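Dear colleague,

I am handing over the structure below, and my notes on what was found in it follow directly after it.

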Amino acid sequence: MGLLQLLKSQFLCHLVMCYVFLVSGVIINLLQLCTLPLWLVSKQLARRVNIRLSYCISSQMVAALEWWSGTECTLYTDPKSYPLYGKENAIVVLNHMYEIDFLCGWTFCERFGVLGSSKVLAKKELAYVPVIGWMWYFMEIVFCKRKWEEDRRTVAQSLQNLRDYPENYWFLLYCEGTRFTPKKHQVSMQVAESKGLPQLKYHLLPRTKGFWVTVQNLRGTAMAVYDSTLNFRDNEAPTLLGILNGKKYHADLYVRRIPLELIPEDEAECAAWLHKLYQEKDGFQEHYTQTGRFPGTTVSPPRRPWSLINWLFWFCLLLYPLGLLLAQLIGSGSMLTIAASVALCSAASLGFRWMIGQTEIDKGSSYGNKEAPLNIN
Ligand SMILES: CCCCC/C=C\C/C=C\CCCCCCCC(=O)SCCNC(=O)CCNC(=O)[C@H](O)C(C)(C)COP(=O)(O)OP(=O)(O)OC[C@H]1O[C@@H](n2cnc3c(N)ncnc32)[C@H](O)[C@@H]1OP(=O)(O)O
Ligand SMILES: CCCCCCCCCCCCCCCCCC(=O)OC[C@@H](O)COP(=O)(O)O
């Protein structure tokens, strides 16, 4: 192990990164809160400001992936579609198998200049994650309870609000609704069988209602669906802790651009279209397993320096007061103050560990685990 690699695996480094991420995040959240009165004066200006503020948070995680861990990202796509990426609104359909698939998605957003404005249909629980969840509120992220009866109205309303969004965005949809586990796969394939649908090997059966409602509500403003399939080289199962430890991964992403007008308007036809799409996605994963690559030509959209510059800015800004505080603390000689500070740091690192836990599949929800196939018509 090289010296740099050893440094990256040190707990102290992680503690400093945690401090910078949390403190800068809370500062940015507070600035976002200050933009609330601006919404009353100029909604579009408030949105543009929030896009840039959100970028300052999410790009820190992207910087950790791109610059700290050095993870590489290769894009497989059609060269004719490539120039359109980042220049139009699009609905991104991505497989949901990895703990850092959202982060790889963010990296591609960053490289095509839509990170600050990127959107997702996210489970409501994530709205309460400090910093990221609070930031999402100002980004107009669409939340769902994964209970269709409750979601149908709120999701459609939130999507309608995006129709006059002032900058290009990608709207991410994990149609599988939850991350892949062998148990969830088994349950969903029982559902597929009961519905007379073909089996999938690498995906859960997609939930079609969210896709239909998204396509219907963004029709005319989103130009295409980007069917995206992600895999990692060498059968890696990457984790956020791996990234923090500086482990380098290699992500391969296959993207097909499908014009939105090709997607049926009728709900049942749209659902059938999505099921067929997932069968094709399964075929691409099989191709990857067999050959180690996706179909299509490859491009590696270059890393941009902005995420690193933003990250270094926050380090410079926040490390100086931390140093002063530590010097004062040690200088004070008060055991009580030192003990209180250690307790505070321990609480903060536990909180940080809980946040990282939100990305871990074995701490995931039981959604999709329990559906009893016998109850399904
Ligand atoms: C490459 C570039 C990337 C670009 C990235 C861009 C942007 C990035 C931005 C941000 C990144 C942040 C990432 C954050 C990630 C957070 C993601 C999540 O939180 S995922 C979870 C939430 N999202 C979803 O669930 C979306 C998909 N779900 C749906 O669409 C659902 O339909 C729903 C709208 C949520 C409603 O769910 P509900 O369960 O209530 O209803 P359903 O109608 O879907 O379910 C009943 C239906 O399903 C059948 N059924 C039953 N059991 C199963 C099963 N196990 N598997 C499949 N299907 C099942 C059942 O028979 C019913 O069928 P039918 O519809 O025929 O009646
Ligand atoms: C900058 C350096 C520091 C970086 C470290 C930052 C650590 C903070 C981590 C906070 C991350 C919070 C964002 C969580 C996003 C999780 C996305 C995700 O994958 O959600 C899962 C859901 O889709 C489905 O849930 P399940 O039903 O599978 O359960």
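The shell around ligand 1 draws at least two residues from each of β2 (90-94), α5 (101-111), β3, α7 (148-161), β5 (170-173), α8 (182-194) and α9 (209-218). Please keep in mind throughout that this is a predicted model. In total 39 residues surround ligand 1, and the closest of them are F102, G105, G177, R207 and G210. Sorted by class, this shell around ligand 1 holds 24 nonpolar, eight polar and seven charged residues.

The element with the largest share of the ligand 1 shell is α5, which gives five residues. Helix α5 is also mostly covered, with eleven of its eleven residues buried; among them are F102 and G105, both of which are listed with the closest residues to ligand 1. The buried residues of α5 further include the charged residues D101, E110 and R111, as well as W106 and F108. Just after α5, G113 takes a positive phi of about 75°.

Ligand 2 has 20 residues around it, of which Q60, T178, R179, G364 and S365 come nearest. Two or more residues of this shell come from each of α2 (11-34), α4 (43-68) and α13 (335-357), and the largest share, three residues, belongs to α4. By class, the shell around ligand 2 consists of twelve nonpolar, six polar and two charged residues.

Turning to the sheet, eight strands form an open arrangement in the order β4-β3-β5-β2-β6-β7-β1-β8, with mixed pairing. The strands β4 (142-144) and β8 (297-299) stand at its edges and have a single partner strand each, so one side of each is left without a neighbour in the sheet. On average, and with direction ignored, neighbouring strands of this sheet are turned by 25° against each other. Helix α11 (residues 267-291) packs on the sheet, where it touches β6 (224-232) and β7 (250-259), and its direction makes about 30° with that of β6.

At the β4 edge, strand β3 (residues 119-123) runs parallel to β4 and is joined to it by three bridges, and within this pair A122 has F143 of β4 as its bridge partner. Strand β3 thus appears in two places in these notes, since it pairs with β4 in the sheet and also supplies at least two residues of the shell around ligand 1.

With best regards

Methods: Residues numbered from 1 in each chain as written. Chains lettered and ligands numbered in written order. Predicted model: local features only at pLDDT ≥ 70, side-chain atom pairs only at ≥ 80, totals over all residues. Near = placed C-beta within 6 Å. Helix = DSSP H or I, 4+ residues; strand = E, 2+ residues; numbered from the N terminus. Pairing = 2+ DSSP bridges. Axes fitted to C-alpha atoms, helices over the stretch in contact; angles between N-to-C directions. Contact = placed C-beta atoms within 7 Å. Buried ≥ 20, exposed ≤ 12 C-beta atoms within 10 Å, placed from the backbone.
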